[in-house]
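Visitor: I'd like a close look at a single part of this protein. Could you walk me through it?

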Amino acid sequence: MLATLVLGLFVFASPAAAEDVWAANNAGDEGIEIGARYSNDPGTGDMVPNLEGKTSPDDPNQYMADTHCRADGPDTVDPGCLALSCPATTPGGDEGTPVIWKQAPKSITNPGWTNWIPVSGPTCLYAAQPENVLANIAAQILNDFRQLPVNPGTLEAQPFPHTLKGGPTNFYTTAAEQAFDVTILGQAVHLTATPASFTYNFGDATTLGPTPAAGYSIPEADWLLNDTRTSHIYTATGNYPATITTSFTGTYSVNNGPPLPINGTLDLTTPPKTIQVWKTEKALVADTCQENPKSWGCPGAKR
């Protein structure tokens with residue numbers, strides 16, 4: 001069974017105003033539902049999105065950003081909050097407010113809040129006025145995700161640049177997960193881009209994918225012999241522009257908050273890599289290339 005987590009996040013203009021709003025919110029089981037839902041799989045502990053309108057039972061916990069920065073009890077202030085500086089992120093902007101994320105059971109009225117484990121220590125919240133900043137970020141996060149300078153990796157081939165007609169040429173990609181720390185609407189946002197699927201275009205009007213197989217490097221002794229999941233056999237000689245398109249999925253978290261899935265992908269295609277496909281010919285020779293560099297088939301021989 002999956003448990004659905006719905007987070008509400010207020011951001012505040014000043015610590016004094018923050019305390020008033022916190023007190024009002026903490027009087028009952030109130031919060032802001034932003035529509036950014038994800039689920040905790042109790043079997044794996046992983047956070048997974050609820051897609052295509054699928055729903056699951058409510059998470060038994062409620063969550064809040066405690067502007068009092070209480071660490072272990074109602075009268076204990078986390079010393080990190082006292083030392084935390086939250087300067088304005090834009091010229092003339094407001095300073096941020098130190099907070100600590102808390103959790104408590106929804107079933108308890110006026111509960112005793114405890115530190116939310118995924119967040120380590122205090123963090124800063126920013127805003128010119130109380131608003132649901134997570135909803136605003138959620139509305140633009142896919143566009144911002146697609147503007148990130150994500151490295152698409154490279155398409156590798158074995159052997160390269162020359163391969164042989166009729167032999168399996170091994171292809172793989174170097175695309176890897178990447179992380180970015182940016183500021184969106186005055187908030188510190190951490191994004192991750194993870195390669196999820198790949199489409200190989202071998203340049204001879206054949207493709208492979210989308211597939212989750214990123215491929216892998218094989219020993220030179222296996223080149224043209226080992227047929228991997230991402231190998232391709234060219235049936236004609238020539239020069240072929242091969243590419244790979246990688247689809248990256250993403251997550252984002254605001255001010256060290258929980259990671260939320262980005263509803264959409266970033267698709268990046270590598271520049272073409274020319275694969276030169278040759279054919280082989282056999283002949284009997286009397287000398288090795290060391291003995292006679294001009295012998296048939298040697299690099300120094302006339303063609």
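How many residues in the lining of the second largest cavity are nonpolar, how many polar and how many charged?

Guide: Happy to. First, a word on the source: this is a predicted model, where local features need pLDDT of at least 70, side-chain atom pairs count only at pLDDT 80 or more, and totals for chains, interfaces and linings use all residues. Residues are numbered from 1 along each chain as its sequence is written, and side-chain values use heavy atoms, with hydrogens and water left out.

Now the cavity. On a 1 Å grid over the protein atoms alone, a cavity is a set of points where a 1.4 Å probe fits but cannot get out, and lining residues have an atom within 4 Å of a point. Grid points are joined across faces, edges and corners, and a volume is the space filled by probe spheres set on the points. Two cavities here reach 30 Å³ or more, and the second largest has a volume of about 40 Å³.

Its lining is made up of Trp101, Leu134, Tyr252, Ser253, Val254, Gly257, Pro258 and Leu260. To your question: six of these are nonpolar, two are polar and none is charged. In that split, Ala, Val, Leu, Ile, Met, Phe, Trp, Tyr, Cys and Pro count as nonpolar, Asp, Glu, Lys and Arg as charged, and the others, Gly among them, as polar.

As for where the lining comes from, strand 17 (residues 238-254) gives the largest share, three residues. Strands here are DSSP runs (E, at least two residues), numbered from the N terminus.

Definitions and conventions: 1 Å grid on protein atoms, 1.4 Å probe; cavity = no way out; pocket = protein on both sides within 12 Å on 5 of 7 lines; lining within 4 Å. Helix = DSSP H or I, 4+ residues; strand = E, 2+ residues; numbered from the N terminus.
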